[in-house]
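Grab a pencil and open the viewer. Below are a few exercises, each with a solution worked out in steps.

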Amino acid sequence: MKRVGHLFEQVASFDSLHRAAQRTIKGHRLLPTYANFAFDMETHVLALERELLDGTYHPRPYRTFCITDPKPRTISAADLRDRVVHHAVCEALEPIFERLAIFDSYACRKGKGTHKALARVRQYCQKYPYFMKLDIRHFFETVDHGVLKAQVRKVVKDQRLLWLVDIFIDHGAPGSQVGKGLPIGNLTSQHFANFQLSFLDHFIKDKLGVKAYVRYMDDELLFADSKQQLFAWLKEIESFVFTDLKLELKSERTVVAPIEQGVPFLGFRVWPSITRLSAKTRKRFISGVRRLEMEFDQNIINERTLVRSMASRVGHVMHANTRSFRRSVFYTD
């Protein structure tokens, strides 16, 4: 594949950093940290430009916190000024990474997303009798830095941009293993992770010849006419993931089953003619609705925020057959 150069000047330019700053603070201008940054934005952007061009830039420590929805995770939030640089880097790298992406990769890509991935899965459920679901064990925590850097060098030759990319890859989350992992919560982590697994996509599509395959970040689905074919592919995929990516499949979570059992994917369960919410998604939806109602009753949020948040949640679950479920949540005596 052709490697691209002359990118660093684009990333480190005032115009690029200023656009990145605008994207970073969008929707957050009322928060004190963002408001202060926006008030003196040109000064901050000029300082970042100078540090990048003279090679003195280095990211600040992460602010870490834990979340439990939908499962326990440690989030490493980058400093605001570092997020500006993240946006500028991703703006330059996204078109390059996109050229390597297959059609049926649905995470962190414009025009894709959860709902289009579900629609594609429904199509495959109507064509094939069997599926296989794969998951990579502790994916973000175990991404190998050496492998990722080598992959980036296959598509980028600009040494100054590679210097900056290496800084972000090496700037791991607090307590992470040296040479391993991408901090959850960073824009760069999402793009690097999706880019790394594009090599797995091409192995599955080009080397194994799998016609029906869908990936959303580290959740993969393969469809076939027989279980024997799926198990044969599984052996090859396990070897590639371990040898080439230095990762490991979560074998206890691998599922090979007939379509008639329903395909579990992204909080939904999909059949050829119907889609249901998983039990966890139903529970999370109900708790989210009740929390919004409580925050509105206590004047924590206003009516506009309530309506927008409710519409977003309802819009998501409407991609499944949920009419009766939604009525049970909103029309209670």
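## Exercise 1: Salt bridges

E98 and R109 pair up in a salt bridge, with their closest N and O atoms 2.5 Å apart. Keep in mind that this is a predicted model.

**Task.** Work out where E98 and R109 sit, and sort each of the two into buried, partly exposed or exposed.

**Solution.**

Step 1. Place the partners. E98 belongs to helix α5 (residues 80-100), while R109 is in the loop between α5 and α6. Eleven residues separate the two, and the pair links distant parts of the chain.

Step 2. Recall the cut-offs: buried is under 20% relative accessible area, and exposed is over 50%.

Step 3. Apply them. E98 has a relative accessible area of 33%, so it is partly exposed. R109 has 13%, so it goes down as buried.

**Task.** Now take the salt bridge of R290 and E293. How far apart are R290 and E293 in helix α12?

**Solution.**

Step 1. Check the pairing: the side chains of R290 and E293 meet at 3.2 Å, N to O.

Step 2. Count along the helix. Both are in α12 (residues 279-297), and because they are three residues apart, about one helical turn separates R290 from E293.

Step 3. Bring in the helix geometry. An α-helix has 3.6 residues a turn, so residues three or four places apart point the same way.

Step 4. Look at accessibility. R290 comes out at 32% and E293 at 29%, and so R290 is partly exposed and E293 is partly exposed too.

Step 5. Look for a network. R19, R23 and E91 are joined into one by salt bridges that share partners. The full salt-bridge count comes to 14.

## Exercise 2: Helix α8 and its surroundings

**Task.** Is α8 largely enclosed or largely open to the outside? Which residues of α8 are buried?

**Solution.**

Step 1. List the buried residues: H145, V147, L148, K149, Q151 and V152.

Step 2. Compare with the helix length. That makes six of the eight residues of α8, so the helix is largely enclosed by the rest of the structure.

Step 3. Find what covers them. The cover includes α9 (159-170) and α10 (187-207).

Step 4. Check the start of the helix. D144 caps the N-terminal end of α8, with a side-chain oxygen 3.1 Å from the backbone nitrogen of G146.

Step 5. Look for a charged link to α9. D170 forms a salt bridge with K149, their closest N and O atoms lying 2.9 Å apart. Since D170 is in α9 and K149 in α8, the pair ties together parts that are 21 residues apart in sequence. D170 itself is partly exposed, at 46%.

**Task.** Zoom in on H145. Which backbone oxygens lie by its side chain?

**Solution.**

Step 1. Locate H145: it lies in α8 (residues 145-152). With a relative accessibility of 5%, H145 counts as buried.

Step 2. Trace the side chain. It reaches the backbone oxygen of I169 at 3.3 Å. A polar atom of the same H145 side chain is 2.8 Å from the backbone oxygen of G181.

Step 3. Add the wider contacts. Neighbours within four places in sequence aside, H145 touches I169, D170, G179, K180 and G181.

## Exercise 3: A tryptophan in α9

**Task.** Which residues does W163 contact, leaving aside neighbours within four places in sequence?

**Solution.**

Step 1. Place W163 in helix α9. Its relative accessible area is 28%, so W163 is partly exposed.

Step 2. Read off the contacts: F8, L52, G55 and Y57.

## Exercise 4: Two domains

**Task.** Describe how domain 1 and domain 2 meet.

**Solution.**

Step 1. Set the bounds. Domain 1 covers 102-143 + 182-275, and domain 2 covers 278-330. Their C-alpha centres are 29 Å apart.

Step 2. Count the contacts: seven residues of domain 1 with six of domain 2.

Step 3. Size up the interface. About 670 Å² is buried between the domains, 54% of it from carbon and sulfur atoms. On the domain 1 side, H115, G267 and F268 lose the most area, together 63% of what that side buries.

Step 4. Check the polar links. There are zero salt bridges between the domains, but five residue pairs are in polar contact. Helix α6 (residues 114-125) gives the most to the domain 1 side, with three residues. The residues of that side divide into two nonpolar, four polar and one charged.

Technical notes:
Residues are numbered from 1 along each chain as its sequence is written. This is a predicted model: local features need pLDDT of at least 70, side-chain atom pairs count only at pLDDT 80 or more; totals for chains, interfaces and linings use all residues. Side-chain values use heavy atoms; hydrogens and water are left out. Domain bounds come from an automatic or database domain assignment. Contact means heavy atoms within 4.5 Å. Buried area is the accessible area (1.4 Å probe) that two parts lose on being put together, summed over both. A salt bridge is a side-chain nitrogen of Lys or Arg within 4 Å of a carboxyl oxygen of Asp or Glu. A polar contact is a pair of N or O atoms within 3.5 Å; within protein, one must be able to donate a hydrogen and the other to accept it, and residues adjacent in sequence count only if both atoms are side-chain atoms. Helices (H or I, at least four residues) and strands (E, at least two) are DSSP runs, numbered from the N terminus. Ala, Val, Leu, Ile, Met, Phe, Trp, Tyr, Cys and Pro count as nonpolar, Asp, Glu, Lys and Arg as charged, and the others, Gly among them, as polar. Buried means under 20% relative accessible area, exposed over 50%, partly exposed in between (1.4 Å probe, protein chains only).
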